[in-house]
Amino acid sequence: MTKKAVLLLSGGLDSATALAIAEAQGFEVYALSFAYGQRHFHELSAAQNIAARYHVKEHRVLTFDLGAFGGSALTENGIAVPKDRDMDKPGGIPVTYVPARNTIFLSFALAWAEVLKAYDIFIGVNALDYSGYPDCRPEFIRAFENMANVATAYALPPSTLPPQAGGEGGGNGRRITIHTPLINLSKAEIIRKGLELGVDYALTTSCYDPQQGRACGRCDACQLRRKGFEENGISDPAGREATAQDPVPRLRLPQDKK
């Protein structure tokens, strides 16, 4: 019997690695990406390329606007993306944190998983080399997983709910699992794992504040990515991101003509 899994695919190196891991574990992957009003929407082109490369069963991109609420440098042009932060000295949660983003993303993934009868959801969150986001921690993942198993009909024991028209009440009692294969790995370890699985990191992008297809080289995401490749003693196959003058491959944007 085919094992189905819904995977959150951002277009970054973490989600690409999580995808490779899910496929290596024998899952048939349904990838889910989001156009949520992010300033780095070029990541969606990367997600499309990654999904095509790995021949996922289906790739969907949902569109909604978290920028309507504001509160993050990733969705509000009036807030600058922090540059040149010392990543070895925690300074609180940065303004690139998007309020409740992973909660919202996982909720969409859970809804699709219930329709697919997929009991496995993959997300490439990381609790070591990350920017201090609260929704990347194991505590958050455990809490969401517990919620998922009481909030969905298909995870409930049989006959728990009143029968619906044409169906049986409740589910089969099988537990939903939120997989976080990268959560305790450093960025260098994530890259090493991905290379072992043949991940093509040239397809991925990480920058929070790209300009005309160039990585800024100075935001948290660029710094963490650069550090990960340097610790593996290799160059970033997508192009060095040390400065804005170091070009990365120009990704096809959604509005670009084919």
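1. Secondary structure. In this predicted model, the protein chain holds 6 helices and 5 strands. Read from the N terminus, the order of elements is β-α-β-α-β-α-β-α-β-α-α, so strands and helices can be followed along the chain as helices and strands numbered from that end.

2. Burial and surface. The protein chain has 258 residues, and 49% of them are buried. Its exposed area is about 12,300 Å², with 52% supplied by carbon and sulfur atoms.

3. Contacts along the chain. Taking the contacts in the protein chain with a separation of 6 or more, 71% are between residues 24 or more positions apart.

4. The sheet. The 5 strands make an open sheet with parallel pairing, and their order across it is 3-2-1-4-5. The edge positions belong to strand 3 (58-63) and strand 5 (177-179). Each of these has a single partner strand, so one side of each lacks a neighbour in the sheet. From one strand to the next, the twist averages 25 degrees. As general background, strands of a sheet pair through backbone hydrogen bonds, either parallel or antiparallel.

5. Strand 1 with strand 4. Strand 1 (residues 3-8) runs parallel to strand 4 (residues 120-122), and 3 bridges join them. One residue to look at here is leucine 7, whose bridge partner in strand 4 is phenylalanine 122.

6. Strand 1 with strand 2. These two strands also pair in the parallel sense, over 6 bridges. Alanine 5 has valine 29 of strand 2 opposite it. Between strand 1 and strand 2 the chain passes through helix 1 (residues 13-24), and this β-α-β crossover is right-handed.

7. Strand 2 itself. How many of the 9 residues of strand 2 (residues 27-35) are buried? The count is 8, so strand 2 is largely enclosed by the rest of the structure. Buried here means under 20% relative accessible area. In the sheet order 3-2-1-4-5, strand 2 stands between strand 3 and strand 1.

8. Strand 2 with strand 3. Strand 2 and strand 3 run parallel and are joined by 6 bridges. Alanine 35 is placed opposite threonine 63 in strand 3. Helix 2 (residues 43-54) lies between these strands in the chain, and strand 2, helix 2 and strand 3 form a right-handed β-α-β unit.

9. Reading the side chains. When inspecting the strands, keep the general rule in mind: in a regular strand the side chains alternate between the two faces of the sheet.

How values were computed:
Residues are numbered from 1 along each chain as its sequence is written. This is a predicted model: local features need pLDDT of at least 70, side-chain atom pairs count only at pLDDT 80 or more; totals for chains, interfaces and linings use all residues. Side-chain values use heavy atoms; hydrogens and water are left out. Helices (H or I, at least four residues) and strands (E, at least two) are DSSP runs, numbered from the N terminus. Buried means under 20% relative accessible area, exposed over 50%, partly exposed in between (1.4 Å probe, protein chains only). Contact means heavy atoms within 4.5 Å. Accessible areas come from the Shrake-Rupley method with a 1.4 Å probe; for residues, only the protein chains shown count as cover. Two strands pair if DSSP finds at least two bridges between them. Axes are lines fitted to C-alpha atoms, for helices over the stretch in contact, and angles run from 0 to 180 degrees between N-to-C directions. A crossover is right-handed if, with the strands pointing away from the viewer, the path from the first strand over the helix to the second runs clockwise.
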